[in-house]
Amino acid sequence: MSMKAQLYLDTSYRLAKVDKRMFGAFIEHLGRGIYTGIYEPDHPLADQHGFRRDVAELVRELDVPVIRYPGGNFVSAYNWEDGVGPVEKRPTKLDLAWRVIETNQVGTNEFASWARRVGSEVMMAVNLGTRGIDAAMNLVEYANHRGGSYWSDLRREHGYAEPHGIKMWCLGNEMDGPWQIGHKTAEEYGRLAAEAARAMRKVDPAIELVVCGSSHRDMPTFPEWEVTVLDHTYDLVDYISMHQYVGNRENDLGYFLAQTEGVDQYIRSVKATCDYIKAKKRTAKVMNISFDEWSVWYHSNETDRYVEPWSFAPPLLEDVYNLADALVVGLYLITLLKHADRVKIACMAQLVNVIAPIMTRKGGGVWRQTTFYPFHHVSRYGRGTVLQTILDSPTYDSREYTDVKLVNAAVVLSEDETELTVFAVNRDQESDITLECCFSSAGGMEVIEHIVLENGDVMATNTEEHPDKVVPHSQGRSVMKSDRLVAEMPALSWHVIRMKRR
Ligand code: AHR
C-alpha cells in the first residue's frame with residue numbers, strides 16, 4: 001500500500017500576505033556574475049549598453065522584483081566612486097574578497113539602469129568594512145537626490161538626470177564573519193550601523209534599511225550578535241538579514257533534503273531574538289527579516305581552490321545543479337513561504353553563473369539550471385496569501401534531524417482569491433506518496449494544472465549541450481474528489497498543483 005500524507009486547509013485560515021520581494025535575487029561582483037554573465041559587450045546578443053539580451057530575457061522570465069547588489073563579500077572593500085563616471089577613467093583594482101581583478105566597467109549607474117530594464121528594484125549594500133558613514137551617505141545622495149548638491153549633480157554630469165530612487169539599503173554585509181574585510185565585533189558594528197542608518201535616512205527619509213544578522217546559523221556568535229546589534233539599531237532599521245547556504249558535502253541525500261528543517265529552526269530563533277529585543281525595548285515595532293542570501297552551494301567548493309588569483313572574471317562558484325538541488329530549492333521556498341509573516345524580503349543567491357539558476361558561456365549560449373524551475377514556479381504562482389495549514393506526513397530520521405516529514409508543502413491563495421496553489425516536495429528516495437488535500441469546503445474547485453519536476457536520476461543536470469534533461473511537465477496525476485484533492489507524488493519530486501474555483 002502506498003504511503004499517504006494529508007494537508008488540511010481552509011481559505012479563511014490565513015498566515016500572511018506574501019511580500020513579492022520574497023522572490024528577490026542577488027548579483028555580486030564575483031566570478032562571472034557580472035562580466036560575461038549579465039554584461040558582455042562583445043557578445044552577439046549584447047544590447048547598446050553591453051548587456052546580454054538573452055540573459056535579460058531569462059531574468060525577466062524569473063520575475064525577480066528585487067536584486068541585491070554589489071555584494072556580498074565584495075562590498076566590504078569596494079569604493080563605489082570607482083564605478084561611476086567615464087568608463088575609460090575608472091580604475092582597475094584588486095578585489096581582495098575574491099582575489100580577482102575588478103575593472104569597474106559596471107557600477108551603480110549601469111547596474112541600476114539594467115535592473116530597471118529587467119523589471120527589478122536594486123537593493124544596494126554599502127561598505128561598512130573598510131569605509132563608513134561618509135561613503136554610505138554620499139552614495140544615497142548620489143543615487144537618490146534629485147539634484148542641486150555635489151553628489152547628485154555628479155550623477156547628472158555622469159549622464160543620469162533622474163535619480164535611481166533606490167529604496168532598500170543593506171548596512172554592510174556579513175560583518176560578523178572573520179573572512180569579511182573590516183570584520184567587526186557586534187558592539188563595533190552595532191554602533192557603526194546605527195550611525196550610518198541615521199545619516200543615510202537624513203539624506204533620504206524614504207529608504208528602508210537592513211542591518212546585518214549572522215552569516216549563518218553555526219556562527220559561534222549567533223544569536224548574541226543579533227542581540228547586541230539590535231540593541232543598538234532596533235529603532236533605526238526595518239529588517240535584520242539572514243544568510244544560509246546548504247549543501248550535500250557528505251553525499252547523504254536524506255540529510256541534504258532535511259537541511260531546510262535547520263533553516264526553519266534558524267528563522268524561528270531569529271524571530272524569537274528580535275521579539276526579545278522588542279520586549280526589552282517596550283516597543284510595538286516588529287522587526288522583519290530580509291533573508292538576503294539563500295541557496296545551495298557546495299559543488300564548486302573544491303575546484304574554486306585552484307582558480308588562479310588576480311585574474312579577471314574567472315569561473316568561481318559555478319555550481320552545476322542536479323535534481324536533488326532543485327528539490328532543496330523547492331523546500332527552501334516552501335520554508336520561506338511558511339514564514340511570510342516575518343520574512344518580507346528574500347534573495348536567492350545568486351542569479352547568473354555564480355551559484356545561479358541561469359548559466360552562460362562567454363560568447364555562447366544561456367541555459368536554465370534545474371534550480372531555475374522551482375524558483376520560477378513559486379515566483380509566478382506564489383504571490384497572494386499563505387494559508388495556515390496542518391500537514392500530516394510519514395517521517396524519517398537523518399543525521400542531525402529526526403521526524404522529518406517526507407512531504408513538505410505550502411499553500412498560497414492568489415491575490416484575486418480565485419486560485420489556490422499547493423507547492424510540495426516528496427523527499428522519499430524510493431516510494432511514491434499520495435497527497436490528500438482536505439478542504440473544509442472544496443465545493444466548486446477544479447485542478448487546472450499539476451506541474452511536476454522529476455527525473456529517474458536525482459543527479460541529472462542541465463548543460464548547454466543538454467539544457468532540457470531536467471524540465472518540468474504538466475502531466476501530474478491529481479483528481480478532485482468531493483471535499484479533497486488526491487495527488488500522486490513520485491519519489492523525489494517537486495509539485496505545483498494549481499486549482500481554480502469552477
Ligand atoms: O554569495 C557568495 C558569498 O557568500 C557572499 O559574497 C557572502 O556574503 C556569502 O558568504
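This report describes the pockets, one buried helix and the cysteines of a predicted model.

## Largest pocket

The largest pocket encloses a volume of about 620 Å³. Its lining is made up of 30 residues, of which His216, Gln244, Tyr245, Arg249 and Trp297 lie closest to the centre.

Two elements, strand 10 (239-246) and helix 7 (253-280), each contribute at least two residues to the lining of the largest pocket. Helix 7 gives the largest share, with 4 residues. By character, the lining of this pocket comprises 12 nonpolar, 10 polar and 8 charged residues.

## Second largest pocket

The second largest pocket holds about 520 Å³ of space. It is lined by 25 residues, and those closest to its centre are Asp264, Arg268, Lys338, Lys405 and Asn408. The lining of the second largest pocket divides into 9 nonpolar, 8 polar and 8 charged residues.

Helix 7 again takes part: it supplies 6 residues, the largest share of the lining of the second largest pocket. At least two lining residues come from each of helix 7, strand 15 (384-387), strand 18 (404-405) and strand 19 (407-414). At the level of domains, domain 1 (3-12 + 386-501) and domain 2 (20-381) each provide at least three residues of the lining of the second largest pocket.

## Helix 2 and its surroundings

Helix 2 spans residues 108-117 and is mostly covered, with 8 of its 10 residues buried. The buried residues of helix 2 are Thr108, Asn109, Glu110, Phe111, Ala112, Ser113, Trp114 and Ala115.

These buried residues of helix 2 pack against three helices and two strands: helix 1 (53-62), helix 3 (133-144), helix 4 (150-157), strand 4 (66-69) and strand 7 (121-125). After helix 2 comes Gly119, which has a positive phi near 85°.

## Cysteines and the absence of disulfides

A disulfide is a covalent bond between the sulfur atoms of two cysteines. In the whole structure, the search finds 0 disulfides.

Why does Cys347 form no bond with its closest cysteine sulfur? The closest cysteine sulfur, in Cys170, is 7.2 Å from that of Cys347, which is too far for a bond; the cut-off for a disulfide is a pair of sulfur atoms within 2.5 Å. Cys347 is buried, with a relative accessible area of 0%.

For Cys437, the closest cysteine sulfur belongs to Cys438 at 7.3 Å, and this distance is likewise too far for a bond. Cys437 also counts as buried, at 0% relative accessibility.

Technical notes. Residues numbered from 1 in each chain as written. Predicted model: local features only at pLDDT ≥ 70, side-chain atom pairs only at ≥ 80, totals over all residues. Heavy atoms only, no water. 1 Å grid on protein atoms, 1.4 Å probe; cavity = no way out; pocket = protein on both sides within 12 Å on 5 of 7 lines; lining within 4 Å. Points joined across faces, edges and corners; volume = space filled by probe spheres on them. Nonpolar A, V, L, I, M, F, W, Y, C, P; charged D, E, K, R; others polar. Domains from an automatic or database assignment. Buried < 20%, exposed > 50% of the residue type's maximum accessible area, 1.4 Å probe, protein only. Contact = heavy atoms within 4.5 Å.
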